[in-house]
Amino acid sequence: MSLSAKEKIKPLPLRRNQWHATAQVHPSAYVEDSVSIGKDVRIWHFVHVREKAKIEQGVTLGKGVFIDTKVSIGKFTKIQNGVSVYQGVHISEYCFIGPHAIFTNDPTPRSYVKEWSIVPTYLKCGASIGAGSIIRCGVTLGEFSMVGAGSVVTKDVPAFHLAFGLPAVVKKKICACGQSQFPLKTPMKLLLGSCCRKNLLKEMFDQAKQFLELKITKNSRK
Ligand SMILES: CC(C)(COP(=O)(O)OP(=O)(O)OC[C@H]1O[C@@H](n2cnc3c(N)ncnc32)[C@H](O)[C@@H]1OP(=O)(O)O)[C@@H](O)C(=O)NCCC(=O)NCCS
Ligand SMILES: [Zn+2]
């Protein structure tokens, strides 16, 4: 989704002093009290953000997104149209969530059971989810991992790995910018190429580099 000059939504006046002055919130969006909205955030049509949620710098919430109470969305993450992020879903920075992807938070739901437990799901820095995928609660999508469109994810996806299908299976390694794929046995140090330097924001590139260096040092110590 990109903003054309014509479509540009105007910033509302500062509200409840927790909204950054540069945030753009469409008038049709419903943002409850005590929501923190960071610098350059864009919130599109018919979004619903529940109380005490935290939307960090540079986040985009597409049309019809729902953000549950106390959920926080890491900086520069993009959430596409129609996604609901429930309690227990932890989204780090630079993540991408494709249109109509589905999260779950109760592994065995029943309408009449009062005590229900939330099982957490984690999206680590830079993780991407393809359109229409279903993410079963309890899984972790590792740093810069990617899930293909229409997948059903039932197990963790390790950092810098690509998984897809029903159920999703890890098929390849993938670079930080997502443009290059590699066989599974490829060493981690090769996963940040010139494509990544060209395609990624510097901050995101540095984050990926830092993560890989840490991982490589840890493994070489073993
Ligand atoms: C998973 C993905 C990254 C793979 O891309 P790719 O490497 O170019 O894949 P290819 O087209 O070469 O396909 C390779 C094989 O995987 C299969 N495949 C690709 N994507 C698949 C998916 N999401 N689910 C199931 N199978 C898939 C192909 O059918 C092909 O099978 P084959 O070897 O039997 O012919 C891509 O297909 C995808 O799903 N991207 C996400 C797109 C998206 O949701 N974007 C959201 C914003 S609009
Ligand atoms: Zn790359």
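These questions and answers cover a ligand shell, one isoleucine and one sheet in a predicted model.

Residues are numbered from 1 along each chain as its sequence is written, and chains are lettered from A and ligands numbered from 1 in written order. In this predicted model, local features need pLDDT of at least 70 and side-chain atom pairs pLDDT 80 or more, while totals for chains, interfaces and linings use all residues.

Visitor: How many charged residues does the shell around ligand 1 have?
Guide: A residue is near the ligand if its C-beta atom, placed from the backbone, lies within 6 Å of it. The residues around ligand 1 include Gly-148, Ser-151, Phe-164 and Gln-181. Asp, Glu, Lys and Arg count as charged, Ala, Val, Leu, Ile, Met, Phe, Trp, Tyr, Cys and Pro as nonpolar, and the others, Gly among them, as polar. The shell has four nonpolar and seven polar residues, and the number of charged residues is no more than none.

Visitor: Is Ile-102 buried, partly exposed or exposed?
Guide: Buried takes 20 or more other C-beta atoms (placed from the backbone) within 10 Å, exposed 12 or fewer, and partly exposed lies in between. Ile-102 has 15 such atoms within 10 Å, so Ile-102 is partly exposed.

Visitor: What separates the C-alpha atoms of Ile-102 and Ile-134?
Guide: Ile-102 lies in strand S14, a strand being a DSSP run (E, at least two residues) numbered from the N terminus. Ile-102 and Ile-134 are 32 residues apart along the chain, and their C-alpha atoms are separated by 4.7 Å.

Visitor: Which residue in S23 is the bridge partner of Lys-173?
Guide: Strands pair if DSSP finds at least two bridges between them. Two bridges join S22 to S23, which run antiparallel. In S23, the partner of Lys-173 is Phe-182.

Technical notes: Helix = DSSP H or I, 4+ residues; strand = E, 2+ residues; numbered from the N terminus.
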